[in-house]
Amino acid sequence: MKPKETLLNSLLKENTLSLSDLGNEEIGNEHLFTTEDTPMKANAFELSDDEKIKKIGSHFREIMETLGLDLKDDSLKGTPERVAKMYVKEIFSGLNPANKPEVALFENKYKYNQMLVEKDITFYSNCEHHFVPIFGKAHVAYISSGQVIGLSKLNRIVQYFAKRPQVQERLTIQIAKELQLILKTDDVAVLIDAKHMCVSSRGVQDHNSATVTSFYGGKFNEEATRLEFLKYVEMKTAY
Ligand SMILES: [Zn+2]
């Protein structure tokens, strides 16, 4: 973790500093964020996906042309539409609640009352300050309150929230809160270990640092439970 970031966040919490006191560069480089919910406009879904693709495509064309690229080149001419499609249908598809995975709950017939850990979930997201990739592993765990969900759904929930412009702290919280809601329990843990391309490929150009964020709810606030979870995360997988 970067101590400066932690310090800035705690100052913000104490209201000694506000985001509006900071410049755009500083907000981006320190990866500060304002809310747990992704800030969305009230009319975010007035346009259809196809309308969004058309609009983004023409704006992206403008960006490329402004950069001086020749859009008549065979290799470049399809790029604006490709990028637009990728934004709407793939890497930012998690902005649309219509794409949220449907989750069915099952009765915990085996009365399995220990924690379940789904570890090493690979995800790809994008930093909301620079629109470049954040990628890493998410580890999630819960203790059943009487119901369970299919393992692949844990994976899908991570992917859904990752497919948004994100900051890692918010991604962590959004996954955890969603799991708490679905599983009807506070006993949820989320640990994310990720690399930010905006830190390694630009800005301070640090190639080795990684960012770890965590959320511990309910029983995971007890030291023994938390340590058990962390032990499973560190454990080498059997295959
Ligand atoms: Zn960034």
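In this predicted model, strand 6 (residues 188–196) and strand 7 are laid side by side in the antiparallel sense, with 6 bridges between them. One of the pairs in this register puts L191 across from S214 of strand 7. The two strands belong to an open sheet of 5 strands, which has mixed pairing and reads 5-2-3-6-7 in order. Strand 5 (165–166) and strand 7 (211–216) sit at the edges with a single partner strand each, so one side of each has no neighbour in the sheet.

Moving inward from strand 7, strand 6 also runs antiparallel to strand 3, and 9 bridges join these two. Here I134 has H196 of strand 6 as its bridge partner. On its other flank, I134 of strand 3 stands opposite S125, as part of the antiparallel pairing of strand 2 and strand 3, which extends over 10 bridges. Strands of a sheet pair through backbone hydrogen bonds, whether parallel or antiparallel. The hairpin made by strand 2 and strand 3 has 5 residues between the strands, and F131 takes a positive phi there, near 55°. As for burial, 8 of the 11 residues of strand 3 count as buried, so the rest of the structure largely encloses this strand.

Then there is the helix that covers the sheet. Helix 6 (residues 168–183) lies across strand 2 (115–127), strand 3 (133–143), strand 5, strand 6 and strand 7, and it runs at about 155° to strand 6. Its length checks out: 16 residues at 1.5 Å a residue should span 22 Å, which agrees with the 23 Å between the end C-alpha atoms of helix 6. The buried residues of helix 6 are Q168, R170, L171, T172, Q174, I175, A176, L179 and L183. An α-helix has 3.6 residues a turn, so residues three or four places apart point the same way. Right after helix 6 comes K184, with a positive phi near 50°.

Zooming out to the whole chain, the domain assignment splits it into domain 1 (3–98) and domain 2 (102–234). Taken over C-alpha atoms, the centres of domain 1 and domain 2 are 22 Å apart. Contacts between the two involve 12 residues of domain 1 and 15 residues of domain 2. On the side of domain 1 that touches domain 2, helix 2 (residues 24–29) gives the most, with 3 residues. By residue class, that side of domain 1 divides into 5 nonpolar, 6 polar and 1 charged.

Notes. Residues are numbered from 1 along each chain as its sequence is written. This is a predicted model: local features need pLDDT of at least 70, side-chain atom pairs count only at pLDDT 80 or more; totals for chains, interfaces and linings use all residues. Domain bounds come from an automatic or database domain assignment. Two residues are in contact if their C-beta atoms, placed from the backbone, lie within 7 Å. Helices (H or I, at least four residues) and strands (E, at least two) are DSSP runs, numbered from the N terminus. Ala, Val, Leu, Ile, Met, Phe, Trp, Tyr, Cys and Pro count as nonpolar, Asp, Glu, Lys and Arg as charged, and the others, Gly among them, as polar. Two strands pair if DSSP finds at least two bridges between them. Axes are lines fitted to C-alpha atoms, for helices over the stretch in contact, and angles run from 0 to 180 degrees between N-to-C directions. The expected span of a helix is 1.5 Å times one less than its number of residues. A residue is buried if 20 or more other C-beta atoms lie within 10 Å of its own, exposed if 12 or fewer, and partly exposed in between; C-beta atoms are placed from the backbone.
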